Every structure is written in C-alpha cells, then in structure tokens.
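Ready for some practice in reading a protein model? Take a pencil, and work through each task before you look at its solution.

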There are 2 protein chains.
Amino acid sequence: MTVTSPKGFTAAGLHCGIKPSGAPDLALVATADGRAVPAAGVFTQNLACAGPVRVSRQHLAATNGRAAAVVLNSGNANCATGTDVDVASRMCELTSEELGCASNEVLVCSTGLIGIPLDLAPLERGIPALVATRTDDGGPSAARAIMTTDTVSKHAVAEGDGWTIGGIAKGAAMLAPNMATMLAVLTTDASVEPDVLQQTLRWAVAGTFNRVVVDGCTSTNDTVLLFANGVAGRPEPVAFERKLHDVCRSLALQMVQDAEGHTKVVSIRVEGATTSEDAERAARKLATSLLVKSSFYGSDPYWGRVLSDLGTAGVAMDVDSVTIAYGDVVVSKGLAPTGADASDVAAASTFALTCNLGAGNASYEVWTNDLSHAYIDENMTTS
Amino acid sequence: MTVTSPKGFTAAGLHCGIKPSGAPDLALVATADGRAVPAAGVFTQNLACAGPVRVSRQHLAATNGRAAAVVLNSGNANCATGTDVDVASRMCELTSEELGCASNEVLVCSTGLIGIPLDLAPLERGIPALVATRTDDGGPSAARAIMTTDTVSKHAVAEGDGWTIGGIAKGAAMLAPNMATMLAVLTTDASVEPDVLQQTLRWAVAGTFNRVVVDGCTSTNDTVLLFANGVAGRPEPVAFERKLHDVCRSLALQMVQDAEGHTKVVSIRVEGATTSEDAERAARKLATSLLVKSSFYGSDPYWGRVLSDLGTAGVAMDVDSVTIAYGDVVVSKGLAPTGADASDVAAASTFALTCNLGAGNASYEVWTNDLSHAYIDENMTTS
C-alpha cells in the first residue's frame, strides 16, 4: 500500500533538525541493495527552479536514467538561496557515501520556504542515521517526513501480473507557509528500460498530477520520480501504463482532497472544444478564476460567471449552443438560463462542473478546489 | 469636474425600479440638443457579451460613429437572458422617442447580475422621466445611478485650450453581487472626427482602464464611450490625446482604489522584458496570482512567490540577473536574496512592486489589489 510495497525497496523517515517543531523532515527511498536501477523523473517547468531540481535532472542525464535512491527534505525548499545547488549536491554525496553508490546515482527533492539558506549541519548528522534506519516497510515513515501542511500522508499501490507499483506523495498548493510544492516518489519491481520508463511516467503525469489546479501556481520544486528495479520481471506494457496511471491518479486526488483551506473538490470538464489545447485552456481558466472559485465556496451555482470566463478564455465557442451543467443539471444553453435549479449539486462537498463549448469534439478535465477564507489565512504570511 | 463639464451636454439619474433598495438605477448622458455627434466606443472582448454591448456596437457601426445619447442601467446586466438584445434595443427606442433622434443614435449600457431577465416595465416608465429631468449639471446624478457596490461615485475632468474632457465611471471588479463590470462615459466639446476619436479612445483605454487587474475576470458588459460635440472647436491632437489619457487614468485609479474588499493598491511593473507582450504577460500573471495577492494582504514581502510566478509566466527571463523590488528596496537578485528588508514597504496601503527580467528593454505596468476575506465574502454568493 505504499512506496515499499514493491519488492526490493527500502525507505526511512526521521527528524534531523530542519523543522523547529521537531516533526519528521528527512526521508529516503532506495533500492534494497543500494545499486542503481532504471529511473525516470518529471520536474517543474518553472524557470526559477530549485537546486534539487537542477541536480536531479543533471544526475539522471549523466547516468542515462539510472538511480539508486532519492533523499528528500521538508521544511525548506532549498531554492533561490545562492547555495542551493551546492547543498543539494552535498545531500546526494552524503547519501551515496552511506549507500555505497556513486553520488550521481542519488536524486534529491526539497519542499518548504523559498529564499532561506538550508543549513547543512542537520543533514550531515541526519543522512547517515537515515540510511542506517531504512527498512523494507519504511514507506509510511518516509511519507510522513515529506509532509508540510498536509493533514494526512498519501500512499497508493497497484498490483500487476506478478509485479507492483507503489508510491507516496505530498500535497499540492494551498500549502502554507510553504510554496505549493508537490512531490511524489514511485517504485516498481517491474522491469522497464529507462527510456520507456521516462515516456510512460511523462504520459501518466500529464493525465493525473497535471490535472490538479488548486491556485494556478507552479512551484519551483515540483518533482515526480519513478524507480524500476526489475526484480519481478517484464510487465505487459499496456497493463503497466494503466496501473501507473491509477497510482498517479490516486495520489493526485488525495492531494486535491487534502488541499489546505478548501471546503469543496470540483472536477471541471470542458467538452465540445475544437482542440484539446482549447479545452485545457478553458478548463484551467475556470479552475483559476477567483470569481468562479468564490462561488464554489458559497455553494452558489452562478453559471453567469462560468459563462463569462469561458467567453474570455481565448477559445472557440458557439455562443448559441454552449451549455453549462452542475452535476447532471444543465443550467444554461446558449446565452440563456434553462431555469433548472442546481442548488443541491453546488451544496455538495464534491461535484462536477461540465461545460460544452459546442464547437468540436475535444475535451479536458481538471480537479480543483474552492477559494476560502482559510486559503488566504494560510497564505497571507510566511510566518 | 464631471461628464457634464464640457459645454453642450446634459445628464440625469433616477430610480426606476430595478434595484429593490430604491437606489438610483437609471442614467442618461446626452447632447443638449438631442442631435447626434461623433462618438466612439471600446467594448469587452468577452465572446459571451451582453445585449447592450451588441446593440451599442451595431448602432455605432450603422451610424459610422455618431450618437446623441447613452442610456445606462444598474442592478441587472441584461446579459444571457435570451431577451437581452430585444430589451437593449427597446431601451434605445424609448430614449430616442423622448430625445427626438433616431433609435440607432442611442447607445446603451447595463451592469448587474447575469442571467436574470430585465423587466421592461420600469424602463417604460422611467426613461421618459429620465430624459425630461436631464440638465447641464446632471453628471453627478448620472454617476450615482450607475454605481453598484462602488462606495463613491467617480468623476474626472481635464481642461485643454478652450475645450474640456469630462467623464464618469463605475468600478471594476470585486463588485458583488454583480459581475466585475466597468462602465465609463466620457464627453468633450472638442471637435474630433469619428475615426480619429475611435483610434484615440482605443489608445487611451489600452494605457489606463486595461491596466486595472483586480481579479483577472473580464466582464460581459465592459464599455467605455466618448462623445465629441465639437462646439469648442478643433483641439491640438497631441494635447487632446494626453488629456484624454489623463481623464481615463484618473477614473481607472479611482476604480482600483474603490475595489470592494481590498486593503491594498499595488502597482506591478515588469521591466527588462524582451517584448512588451512578455512584460504584459508577466505583470498580469503576478496580478492574478492567488499566492502573490494573499501575501499583499498579509503585508508580507515574500519575493519567493513573485519569483516562482515569474518563472512560470512563459516569458524570457535571465535567472541570474532577475531582480525584485518592493518600492525602492531590491529584495532579490538572480536566484538569491539580497538580505534587504522590505517589510515597511509591504505594510503600506499603496506600494509598487518592480520586477526586472534582465532579458531586454520592454516594460508594462498594471494596477491591482490584494486578496482579502472581504473579497470572498462579496463574491461567494449572488444573494
């Protein structure tokens, strides 16, 4: 049920001294024998990306997609400090010395505040202890140690024909005082070559983690990693894709459901677009609209705002046939109300908003939250 | 000091019965003699635009840019009702019958909730009374009658060499329970041909009203109109452009300062971009970022969020030389803090945030607000 469910992986988590609260802040996921295996990574597209993202990208490139472990810390993003690349490299070195692998066979992730130097001292002490305490049931400890304002740790697993995919994650957005970082570490005992692993991971992320839109902000540290040690043999390719998608989807939905400050989870689906790019643009426009998100918070099915935001999304739309539905209740068609009442739907804690642009056959879906007082409270200061 | 300051214009405002509160909800601005004069309009780009926008566009096209009056109502957007075009046309007809001009020489604006049919009965009664009570000092009455949740009415005037430009407006965004409609009516006694008037108005709006970003939502009803009756003779063209810009800028800033629910007014300037499109995209990204706007509310100069949003704005940026400043305090350079403390700047009710992308020489400025509890309260329901 977690990142250590596949055979041949170990994990650990502990408090090394980054978080003043004393909560766990350092985690490891590693192959049991400390040897490098095929590994893939999908990283933030943010130009101002953090040191750990730069170092992990560099390591995967240098090894042609092989890694033995990832070391992760919470409580500090190790980003935009001037020393972040050096600190991230040192974290990999420390880990590799204990595991007995090459330094560039270790990947690294951080999550927390930007712009505050990450002190190496607790890491110098903590990483040897971390590696020493890793076990084949350490997934839950690792998952707890990457939490920031997540209220629950996040795990998922899917079983294939003799092989398993497992994973842990920390939540996206509405995470304060931290940035909206999402991290996920996935493992499998299936045997998959690095290039196929990378392609499959990229495809799975696009359909799952990238559908989560809480506030439209993309963190400097977002990272999804996948290790494949191959001990359970070769999977049927389509089955592997599907199971990987399932694990990523489960973790992504756990993030939306645990987003800080929300009272609603809303899936927004735009259909009838001329292109999937148009459908995505319109769905993301709605999911980041302050007016639409405020109306979710108020349980008010005010379709006028939805229509107005569709009209300015820069996408092709047939204004005479566009429809808007809360759940199954179609509240407007063209530029006029149907008279149907969607109050009950909008009052639920989870509902679907479906918009058909009437212009084509493409569609796109995102998962989002409402905009609440608590969101602002979480994000108005860093202290 | 208002829309009736230029010679040869009249205005009026009264309660006709649209707003249950009994507040003024119907307004008129018209030439004193009821004859059509050169007129220009800039309208929302929203595809789901309201009936009054369609009708006004059509009338200006049919008359080649001439109009005698504009009739405006508040309390109902007359949008997406199925009957909105007919009702807007009827409002023009009723006004033209009283003024003695052609129906397509009357323009029309509405502001309020979307999707609720606008009843004609109060308009049938109210418009004759409105036209009958118009006076050459009626600007303030008209300005009050277009208010929604504005707390003050908005006026501006600029004097040229023997000619005058005056205007009234109602505020942009954070207006609840209404949509974020902005309306402005401008008049001048200068003599300007319709095509020049249209070009000049479009230029002035781009540099002023279009710089106001409160929540990134573009209303279905946004309209700016300008009438030029020519009684004061021909202006020097550059002087006219400048004075028109001044009047529009004053009204736009009054809107930001009166936006509902805000505690801060922030000017965001992006410099050092490779193109002005990049500068605009980055400035608007920051001005609509929930995380950045929440930090404004918290008086927290958390530049890490600003940097992160710049990094995902899709614009060219030199990550090694990008700078961020609150007021004159440069808080970061490249991907590292300078150590300078901008807490005092961020605590002020008005301040400037300046980001230099280090990639070129183009710049763009927008004016925005913070994201507060009150904004959500205003917008969470329509009732």
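Below are four exercises, each with a worked solution.

A word on conventions comes before the tasks. This is a predicted model, in which local features need pLDDT of at least 70, side-chain atom pairs count only at pLDDT 80 or more, and totals for chains, interfaces and linings use all residues. Residues are numbered from 1 along each chain as its sequence is written, while chains are lettered from A and ligands numbered from 1 in the order in which they are written.

**Exercise 1. The two copies**

Task: Find out which turn lays chain A on chain B, and which C-alpha of chain A is nearest the axis.

Solution. Step one: superpose the copies by least squares on the C-alpha atoms of residues with pLDDT of at least 70 in both. A turn of 180° with a shift of 0.0 Å along the axis lays chain A on chain B, at an RMSD of 0.0 Å. Step two: the two copies are therefore related as by a two-fold rotation axis. Step three: in chain A, the C-alpha nearest this axis belongs to A:His373, 2.7 Å from it. Finally, 100% of the contact residues of chain A recur in chain B, so the same surface serves both copies.

**Exercise 2. The contact between the chains**

Task: State how many residues each chain gives to the contact, and which element of chain A gives the largest share.

Solution. Step one: count residues in contact (C-beta atoms, placed from the backbone, within 7 Å). Chain A gives 49 residues and chain B gives 49 residues. Step two: look for helices (DSSP runs of H or I, at least four residues) and strands (runs of E, at least two), numbered from the N terminus. On the side of chain A that touches chain B, two or more residues come from each of helix H8 (290-297), helix H9 (303-311), strand S15 (336-337) and helix H11 (373-379) of chain A. H9(A) has the largest share there, with eight residues.

**Exercise 3. A sheet in chain B**

Task: Work out which strands stand at the edges of the six-stranded open sheet of chain B, and which helices lie against the sheet.

Solution. Step one: strands pair if DSSP finds at least two bridges between them. The order is S4-S3-S11-S9-S8-S7 (chain B), and the pairing is mixed. Step two: S4 (66-67) and S7 (154-159) of chain B have a single partner strand each, so one side of each is left without a neighbour in the sheet. Step three: S8 (164-170) and S9 (183-188) of chain B run antiparallel, joined by six bridges. Here B:Gly167 is opposite B:Leu186 of S9(B). Step four: axes are lines fitted to C-alpha atoms, for helices over the stretch in contact, and angles run from 0 to 180 degrees between N-to-C directions. Helix H5 (194-207) of chain B lies across S3 (37-43), S4 and S11 (223-228) of chain B, at about 35° to S3(B). Helix H6 (237-257) of chain B touches S7, S8 and S9 of chain B, and its direction makes about 160° with that of S7(B).

**Exercise 4. A covered helix**

Task: Decide how many residues of helix H8 of chain B are buried.

Solution. Step one: a residue is buried if 20 or more other C-beta atoms lie within 10 Å of its own, exposed if 12 or fewer, and partly exposed in between, with C-beta atoms placed from the backbone. Step two: eight of the eight residues of H8(B), 290-297, are buried. Among them are B:Lys293 and B:Phe296. Step three: after H8(B) comes B:Ser299, with a positive phi near 55°.

How values were computed: Contact = placed C-beta atoms within 7 Å.
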